[in-house]
Every structure is written in structure tokens, then in C-alpha cells.
Amino acid sequence: MLKRYLPFIMAVGIGLSYIISGSSPVISSWKATLDKWFLISTAFAVLIGTASLSQVHWRNLRRPDRRIYSVALGIALYGTILLGLIQTGRGAQYQILYNMTIVPLEAAILSQIAFYITSAAFRVLRMRSFEASLMLVSAAIVMLYNVPIGAAIWPGFPVIGKWLMNIPNTAAMRAITMGAALGGSATAIRIFLGLERSYLGGGDE
Amino acid sequence: MQLSTSFAVWLTAGMTLAIYSGVYKENPFYRLVEHIYVGVSAGNGVVATIDNYIRPTIQIDIAKNGTWTYLIPIFIGLFVYARYSKNRKINWLSRIPLAFWVGIGSAVVITKTFKANFISQITATFLPAVTNDPLTMFNNILMIVGVISVLSYFFFTFEMPRPLKVIPKFGRYIMMIGFGAAYGNTVLSRISVLLGRLQFLLGNWLGIIQTRV
Amino acid sequence: MSFWHKLNQMDSRIIYTALLLVLIGALIFPMGLPINIGTSSQAAYDIFNHFKAGDILYVSFDYDAAGATDIQSSVEACIRLVFKNGGRVAAGALWPIGAQQAEYLFRDMLKEFPDLVEGVDYLNLGYKPGGQMYIEKAMDNIAEACANVDNAGRNLSQSPIMKDLKTLKDAAAVICGNHGSPGASEWVPMYATAYAVPNKIPFVVCASAVNATINAPYVQSGQITVYLNGIRAGAEMEILTGQLGTAVAGMDAQSLSHLLVLALMVLGNISYFMVKRENKAKKEA
């Protein structure tokens with residue numbers, strides 16, 4: 001009984017009290033307290049990502065083709081945490097590790113997409129239909145709007161590109177944003193009414 | 001051309017080239033470097049959180065200032081690890097932090113996010129449909145019609161009557177323009193990341209170009 | 001197999017090599033194409049060039065090393081203008097690596113403005129978890145939102161700048177360097193809509209271009225005062241502030257690579273239609 005209803009009562013109670021205290025200057029300190037408690041609780045849950053990663057790669061140790069990579073990941077992960085605990089993130093050796101791995105590799109991994117995007121321009125962006133053609137033309141104009149050579153080729157490209165971004169694109173993205181906001185709000189109301197309980201799925205009853 | 005003499009630069013360049021080698025063909029160096037990056041990055045997130053929040057909360061707020069009420073959210077946060085226990089009497093405790101976060105998150109969605117992403121957007125959509133300038137008038141009407149037609153495209157409660165089907169169809173066209181614009185901007189963004197790495201390789205490592213104009 | 005069939009099935013590695021050659025060529029042999037200043041960059045320049053001495057700019061470094069190429073130039077240019085006018089800067093980060101980006105930026109600024117004193121003229125508050133809830137708490141009490149310490153682990157009470165920055169409402173302007181979530185999509189509801197718009201406080205977003213489409217509605221509605229889009233805005237801001245850097249250096253390569261992508265789009269479509277025609281002719285024959 002407690003396992004089933006306590007989390008649900010907590011979610012609804014805390015949520016509603018947050019809303020009420022936020023709109024009332026008399027009890028607004030409760031909202032401020034909940035804000036701080038949210039930050040502290042999420043900070044102390046930081047190891048959940050490490051735990052999940054460790055679980056996945058622990059299983060990979062049984063596979064000879066993936067073992068060495070999982071070992072490397074484990075050494076990198078726990079070595080970084082250990083070094084950070086000893087030195088803090090401001091320590092000299094930690095900074096060397098940081099500057100030699102995270103800074104260059106993050107950019108390198110993300111920049112791979114540049115190659116795939118260029119390849120997609122050749123293989124994927126085909127004028128198979130009117131809608132696909134619209135997308136292609138729009139992409140071409142916005143690309144020429146974004147770079148100096150567009151204005152050098154024809155002064156109209158920046159004008160049309162800006163218009164495309166400000167009017168049709170804004171209309172499309174606005175509708176998508178509004179739809180997402182409606183969906184999010186509906187889910188929030190369903191949570192408060194007890195109709196949505198999928199977030200309580202962790203652990204057994 | 002002036003090759004760098006720094007070991008760190010050479011190691012960084014080597015790891016960068018190992019990542020790019022994966023673009024040409026999947027190989028063990030690429031996978032190894034990728035796994036190392038994932039490990040260090042995940043570890044860095046933990047270290048940053050411990051340094052900037054966990055340690056000061058315990059050392060300053062609780063131990064020094066005596067704010068013992070902070071033990072409540074600490075335990076709420078720690079309960080999330082109960083999911084790894086096989087004991088049924090314990091592993092249900094992981095629902096408590098989720099309930100806490102979902103409760104507050106839902107409240108924030110209703111009080112803040114809905115206003116910013118819905119109310120403000122409606123206000124900004126309904127611009128004057130009649131103005132002195134014909135171009136502004138066209139743009140305003142297109143904005144109103146565009147938003148309504150895209151919203152109607154996602155309306156699935158019942159099938160639209162045949163004469164009205166042109167509205168969601170127009171919405172599809174507007175969305176395609178938006179997705180095309182997204183692609184165009186993504187090209188600029190991703191190529192600039194690649195440029196940054198090339199500027200490092202050609203400038204800092206090989207010394208062929210100046211890294212700052 | 002006809003020429004068009006072969007072209008249609010061209011190995012992607014040829015395309016990758018072409019992209020690399022174009023970029024490397026443009027970096028080694030820059031053309032010096034003129035860069036026109038857009039209205040957004042001019043607007044950002046006007047805001048920060050008239051920043052009052054003593055006022056505090058809050059900058060949220062919500063990006064990592066990958067986003068830095070797109071974003072750091074415009075953030076740096078804005079902060080340069082603030083320091084030039086005697087303003088002060090407090091930096092926070094919703095991304096763990098953002099705090100380090102702030103450190104790099106302040107280290108570069110100290111070369112230009114050696115009289116700046118940490119804790120007085122600028123302060124790196126460091127990474128704080130919680131995303132939008134950090135912003136919500138900082139609207140009420142920044143010190144509590146930051147667990148009372150800055151990025152170096154020092155108590156915030158030791159920094160004189162924090163006497164004038166009790167909450168985010170004390171900032172004369174806010175910049176969000178945005179590469180994803182958490183970022184502008186959290187700042188808009190928690191800060192811009194709730195406080196900046198009604199009080200006419202400038203809220204500037206320096207974002208990587210990939211976020212431009214999704215943030216466009218906020219720009220049109222006025223929730224984002226000025227939107228600086230990617231490396232192009234960075235190049236424009238570098239020109240406006242007179243400190244040319246990597247953004248300007250990369251624009252020629254951007255231009256040529258974009259032309260390559262466009263050429264591939266055209267070539268891809270021509271080969272698609274030619275192959276389609278050939279297949280139709282074969283069927284009819």
C-alpha cells in the first residue's frame with residue numbers, strides 16, 4: 001500500500017504545493033525550499049549515469065570482441081573520477097587530462113556529422129515530390145544566406161533567406177513548440193489527477 | 001610549416017585523426033578513442049557535480065552552517081540508487097526521487113513553460129492582418145495561416161472534412177520549408193565544428209596556418 | 001553500368017575527401033570575402049557598447065568544447081564590449097564543460113584587460129546541476145543556487161561582485177551561450193518570459209546554428225531580445241569589435257564548403273533524374 005501510494009501522493013502533494021506557494025507571497029518560502037531541494041537531490045543522484053554505464057560495460061567484459069574497449073572505458077571513467085576526487089577538477093593533472101581528451105575529442109566526434117551531412121546532400125536530398133523540392137530549395141537558400149558568398153553571388157539571397165527564417169520557419173517551429181507545450185501541460189495535469197503513473201515504474205511492488 | 005614540439009599537441013592530434021579515421025572505415029583505434037572519450041566525459045560530469053555542489057553542500061551548508069534540513073533532499077537523491085537492489089523491500093524506494101522530481105517538474109511546466117511556449121506564442125502569432133504596408137500584411141497573414149495550418153496537421157482526433165484537408169496540406173509545405181532551413185543551419189554549425197578541428201590540426205599541430213587572424 | 005548509375009553510387013569517401021580538400025584549401029589560401037554585418041549583430045553590439053560602468057552581465061555558458069567554435073566568438077565579443085565600458089561579468093554554466101569554457105574566455109580577456117580583478121570585475125560561478133531549476137532558484141537567490149561556492153571552490157561571500165548580484169534580477173543583461181538543452185529553451189520560460197520581457201532587460205542568445213530554427217519563435221515573439229546565430233554572427237561581432245579571430249578566419253572555408261554541398265545537391269538530383277530516365281527507357285525497350 002505504502003509502496004504504491006506514497007510516491008504518487010508525494011508527486012501530487014509536492015507539485016500542487018509548489019504551484020500554490022509560488023503564487024502566494026505569504027508561503028513563497030516553501031517554493032524556494034523546494035527549488036533548493038530539487039538542486040541538491042539531482043546533484044546526489046549524479047552517479048546514476050556512471051552506474052548505468054558500468055552495468056552495460058560489465059556485461060561487455062564477457063564478449064571477447066568488446067572486452068578491451070569496455071576495459072578502456074572503465075579505466076577512463078573511474079580513473080577520471082578518482083583523479084577528480086583526489087585533486088578536484090582544478091588540479092594540474094586533471095586539467096591536463098581534460099584538455100587532452102574532452103576538449104579535442106568532443107569537437108572531433110561532433111564534427112563527424114559534417115561529413116555525413118555533406119554525403120546526405122548528395123544521396124538523400126532528392127526532389128522526389130513537391131514537398132521534398134520545397135525542403136531542398138529552402139535548405140539551399142538558407143545555406144546561401146548563412147555565408148558571405150551568398151550575398152556575393154546575388155544580394156537577394158540574404159533577403160529571401162532572412163524572410164524564410166523569420167516567417168515560414170518561425171510559423172512551423174512555433175506550431176511544433178505550441179503542440180509540445182500543450183502535450184507537456186496535458187501530461188502534467190494527468191500526473192496531478194493520477195491518470196499518469198508511468199514515472200512510478202521503478203522497482204517492484 | 002612549423003611542426004609542434006609539444007607531446008600533448010601530438011597526442012591530441014593523434015586522437016583527433018583516430019576519430020576521423022572512423023569516418024572512412026570503422027577501426028579499432030577509432031573505437032578505442034571513442035570509448036576513452038565517453039569514459040572521461042562521464043567521469044568529468046561526476047567530478048564537476050561533486051566539486052561544485054556535493055562537496056560545498058556537505059562542507060559548508062550542513063557541517064559549517066548547520067542546515068540539517070538539507071539531509072532530506074540528500075536522502076531523496078540517494079534513494080534513486082535503491083533500484084539496483086534486488087530486495088523488494090528496498091528497491092521501491094527509487095520511486096520517491098522520481099515522484100519528487102516529476103511533481104516539481106509538472107508544476108514548473110504548468111506555471112512557467114506553458115506561458116512561455118503557448119500563451120506568449122499565441123500572442124506573437126496573431127499580428128495585425130491589415131496594415132498599410134502590403135509586404136508586412138502578407139507576412140502577418142502568412143504567419144497566422146502558417147501556424148494554424150501546421151497545428152491542424154497534428155490534429156488526429158477525427159478526420160478532417162474533405163474541403164478542409166487543404167489546410168493541413170499547406171501546413172506540411174510550411175513544415176518542409178522549416179526542415180529545409182534546419183538542414184541549412186545544421187550544415188553551417190557542423191562544418192564550423194570541423195573547421196575548428198582543422199584549424200587546430202593545421203595551426204597548432206602542423207604550423208601551416210596562423211590560428212588567430 | 002552507365003556513367004549516371006556509377007555517379008549515383010559514388011563512394012561517400014570521395015565526398016568526404018572533397019570536403020576536406022575544400023576546407024583545407026580555403027584555410028591555407030583565404031579569399032577574404034567581405035562579410036556584411038547583419039541587424040542582429042548590430043543590435044547586440046549596440047546593447048553591449050552602451051553597457052553602463054559597474055553594471056553586471058550574467059553569462060550562462062551552456063555549451064561544451066564542440067559548441068565553442070560556433071558560440072565562443074560572439075560571447076567573447078559581447079564580454080569584450082562590457083569590459084571595455086567598465087561593466088562586470090558573472091559567469092555560470094548549466095553544462096559541466098561550460099565552466100571550463102568560461103575559464104578559457106576569462107584567461108583570454110585578462111591578456112586584453114590586465115587590470116581586471118577576479119571576484120571584483122568578473123567571477124566564474126562554475127557548473128551547477130539542475131538545469132531550469134537552477135535558473136528558477138537563481139531568480140530568488142544566486143548564492144543558494146550555487147551552493148555558496150564559485151568555480152574555484154571559494155565562498156561567494158568573499159567576492160565583492162556578489163554583493164551586487166544577489167539574484168538574476170540584479171543583472172543588467174543576460175547572455176545564454178546555447179548549444180542544446182539545458183539552454184535557451186530553459187532560460188526563455190524561467191527568466192526571459194517571467195522577468196526580462198516585462199522589465200525590458202536584454203536577453204541575448206549566442207547559439208550554434210543548429211538551434212536557430214527551434215529558437216526562431218522566441219526571437220519573433222520578443223522573448224529573446226537578440227539572437228546571434230553561429231559562427232557567422234561570431235565573425236560579424238569580431239569585425240564590429242575590431243578583434244578578428246577564428247570566426248572570421250573560417251568564413252571563407254564556410255563559403256566554399258557550402259558551395260560544395262550545394263553542388264553535390266544539384267549533382268545528386270541530376271544523377272537521380274538521369275538514372276530514373278534510363279531505367280524508364282530500359283523498361284519501355
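Q: How many residues does each chain bring to the contact between chain C and chain B?

A: In this predicted model, chain C gives 49 residues and chain B gives 44 residues. On chain C, the elements that each supply at least two residues to this side are helices H2 (12-28), H4 (65-84), H8 (184-199), H9 (212-220), H10 (230-241) and H11 (246-284), together with strand S3 (122-127). H11(C) has the largest share, nine residues.

Q: Which classes of residue make up the side of chain C that touches chain B?

A: This side has 26 nonpolar, 19 polar and four charged residues.

Q: How is chain C divided into domains?

A: Domain 1 covers 39-244 and domain 2 covers 247-285. The C-alpha centres of these two domains of chain C are 40 Å apart. Their contact uses seven residues of domain 1 and five residues of domain 2. On the domain 1 side, H10(C) provides the largest share, five residues. By class, that side has four nonpolar residues, two polar and one charged.

Q: How should I read a helix that has buried residues?

A: Start with the spacing. An α-helix has 3.6 residues a turn, so residues three or four places apart point the same way. Now take helix H3 (residues 71-78) of chain B, where Pro73(B), Ile76(B) and Gly77(B) are buried.

Q: Why do the buried residues lie on the same side of H3(B)?

A: Around the axis they cover an arc of only 95°, so they are on the same side of H3(B).

Q: What covers the buried residues of H3(B)?

A: The cover includes helix H2 (28-44) of chain A and helix H5 (95-125) of chain B.

Definitions and conventions
Residues numbered from 1 in each chain as written. Chains lettered and ligands numbered in written order. Predicted model: local features only at pLDDT ≥ 70, side-chain atom pairs only at ≥ 80, totals over all residues. Contact = placed C-beta atoms within 7 Å. Helix = DSSP H or I, 4+ residues; strand = E, 2+ residues; numbered from the N terminus. Nonpolar A, V, L, I, M, F, W, Y, C, P; charged D, E, K, R; others polar. Domains from an automatic or database assignment. Buried ≥ 20, exposed ≤ 12 C-beta atoms within 10 Å, placed from the backbone. Arc of directions from axis to C-beta.
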